[in-house]
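Biologist: Please take a close look at one part of this model, the sheet. What order do its strands take, and what packs on it?

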Amino acid sequence: MKLQQILSQVRRCDNDYKLIKSGDRIAVGLSGGKDSLALLHALAAYRRFCPANFSLDAVVIDAGTGADFSPLIPMCEKLDVPLHIVKTEIAAIVFEARKEKNPCSLCAKMRRGALDNKLNELGCNVLALGHNADDMVETFLLGMLYEGRLNTLQPKSYLDRSGITLIRPLLYVREKDTAAFVRDNGIPVIENPCPANGFTERETMKGVIRTLCEVTPDAFERMHSAITHTERANLPHRPIGDND
């Protein structure tokens, strides 16, 4: 998988949703996983020809799980992207102090808080996260099946509490493509040592999607297309007010 293939989808997402504007200082939330690594490489390359002039930083939230982020240092130097590693005690709080049975929600909130604090310290006004097309469809199914509502990840949203704009430039990119990109280009992936890794409702949705694709091979593409083309939606609406 070549960078140009991912870059073309990032550019398309930016064109469709106006993700980046001139003067933005963008921080990539870098977990060390395949998606955030692919995003960092794509945005580092996109700086060269994006119509909007923007700067780029990489921010790692070290939750204290024992992950080794040192391989990211020479990689970011090569990309000419400043790397900031924020050490925290999130894992100790979630797993030892709180002993959370469902730790992902609290962990995500604490990581997000640490990210927001670092972005404000750096003067970054935009946070770029590596959610991909698979995440988008999985989130839609999670909301529909577990919460009874139609909802999914937004390409761009403004966070009032922190004053930061959140963008997701990989929402047109498949997870299998980010995996192929890092593998084919020898990019070091940081293994996730989190005890809860692989045991989530999102993993269940991955299984649901695989089953649907066994029945209808292009089921994923159809679902993603339906989500990203809201003008095609034809859902019932209750009338407002008295129509008698």
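Modeller: The sheet comes first below, then a helix that packs on it, then a pocket. The model is predicted.

Start with the strand order. The sheet is open and holds six strands. They run β3-β2-β1-β4-β6-β5, with mixed pairing. β3, residues 83-87, and β5, residues 156-159, stand at the edges. Each has a single partner strand, so one side of each is left without a neighbour in the sheet. On average, neighbouring strands are turned by 25° against each other, direction ignored.

Now one pairing in detail. β2 covers residues 55-62 and pairs with β3 in the parallel sense. Five bridges make up this pairing. Alanine 58 stands opposite leucine 83 in β3.

Next, the packing. Helix α2, residues 34-46, packs on the sheet. The helix touches β1 (25-29), β2 and β4 (126-128). The direction of α2 makes about 155° with that of β1.

Last, the second largest pocket. Its volume is about 460 Å³. The lining counts 19 residues. Phe140, Ala226, Ile227, Thr228 and Thr230 lie nearest the centre. Two or more lining residues come from each of α6 (133-147) and α9 (219-228). α9 gives the most, with four residues. By class, the lining of this pocket has eleven nonpolar residues, seven polar and one charged.

Note on methods:
Residues are numbered from 1 along each chain as its sequence is written. This is a predicted model: local features need pLDDT of at least 70, side-chain atom pairs count only at pLDDT 80 or more; totals for chains, interfaces and linings use all residues. Side-chain values use heavy atoms; hydrogens and water are left out. Two strands pair if DSSP finds at least two bridges between them. Axes are lines fitted to C-alpha atoms, for helices over the stretch in contact, and angles run from 0 to 180 degrees between N-to-C directions. Contact means heavy atoms within 4.5 Å. On a 1 Å grid over the protein atoms alone, a cavity is a set of points where a 1.4 Å probe fits but cannot get out, and a pocket is an open set with protein on both sides within 12 Å along at least five of seven lines; lining residues have an atom within 4 Å of a point. Grid points are joined across faces, edges and corners, and a volume is the space filled by probe spheres set on the points. Ala, Val, Leu, Ile, Met, Phe, Trp, Tyr, Cys and Pro count as nonpolar, Asp, Glu, Lys and Arg as charged, and the others, Gly among them, as polar.
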